[in-house]
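Dear colleague,

Please find below the structure for your records. A summary of what was found in it follows.

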Amino acid sequence: MTGEPPPLDPAEKVDLWRQRFFEAQAAAEEFILGEHGEAGLAAWIRANSRITAELLRAQRPAGMSATDHFMTRLQRQLLLYDSAVTSEPQPSGTVLRNADCGILRYRRRAARAGVVLTFSSPCPYCQELNTAIAARYVEPDVRVSCVQAGDGCTWRAESPAPEEDTAGSPHRGRAGD
């Protein structure tokens, strides 16, 4: 090899960071499942959600609610992979509609290129992890939920109506370890 390689243009850098993140995530998932099975994966989600919630608390902009910060972060994460995502304010909260998930599309492309995937679909893992993060981070009266639809999903962050009873909901308030 001779000389210096040409610098990467911004789009190439983004693609390379996506690829490196994907590789690191896939390696972590494979290791955890291989060494510790499903119980290890559940522990990983608990640890990851705790760490991420702590980071979000430290990074939340002044004047922004934890719920808005969480939903903005989720939207930006989806946009990082060129998902077709929109945010819709509702009287009870916010709805993120992910009509075409770029993460799912990216993983399918990686599989076609010969990358061995840990999960047949990333959707259950993504939903479990992000609802666990929300449970630790968003305001206690906000319920965060996700419903998968085709190659996308719909996330909702909603405050219950006064007559609604949300006691015992697995997706509200801050969860313990």
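Helices (H or I, at least four residues) and strands (E, at least two) are taken as DSSP runs and numbered from the N terminus. On that basis the protein has four helices and four strands, arranged from the N terminus as α-α-β-β-α-α-β-β.

This is a predicted model, in which local features need pLDDT of at least 70 and side-chain atom pairs count only at pLDDT 80 or more, whereas totals for chains, interfaces and linings use all residues. Residues are numbered from 1 along each chain as its sequence is written, and side-chain values use heavy atoms, with hydrogens and water left out.

Of the 177 residues, 36% count as buried (under 20% relative accessible area, 1.4 Å probe, protein chains only). The protein exposes about 10,600 Å², of which carbon and sulfur atoms supply 56% (Shrake-Rupley method, 1.4 Å probe).

The largest nonpolar core (buried Ala, Val, Leu, Ile, Met, Phe, Trp, Tyr and Cys residues joined through side-chain atoms within 4.5 Å) has 33 residues, and Phe70, Val144 and Trp155 touch the most other members. Two or more residues each come from H1, H2, H3, H4, strand E3 (143-149) and strand E4 (152-158); H4 gives the most, with seven. Leaving aside neighbours within four places in sequence, Trp155 is in contact (heavy atoms within 4.5 Å) with residues including Met71, Leu74, Cys126 and Val144.

The open and enclosed spaces were found on a 1 Å grid over the protein atoms alone: a cavity is a set of points where a 1.4 Å probe fits but cannot get out, a pocket is an open set with protein on both sides within 12 Å along at least five of seven lines, and lining residues have an atom within 4 Å of a point.

The largest pocket holds about 570 Å³ of space. Its lining has 23 residues, and Phe21, Gln25, Gln77, Tyr81 and Ile103 are the closest to its centre. Helix H1 (10-59), helix H2 (66-80), helix H3 (102-112) and helix H4 (123-137) each give two or more residues to this lining, and the largest share, nine residues, comes from H1.

There is one cavity of 30 Å³ or more, with about 120 Å³ of space. Of the 13 residues that line this cavity, Asn98, Cys101, Cys123, Cys126 and Cys153 are the closest to its centre. H3, H4 and E4 each supply at least two residues of the lining.

Yours sincerely

Conventions. Points joined across faces, edges and corners; volume = space filled by probe spheres on them. Buried < 20%, exposed > 50% of the residue type's maximum accessible area, 1.4 Å probe, protein only.
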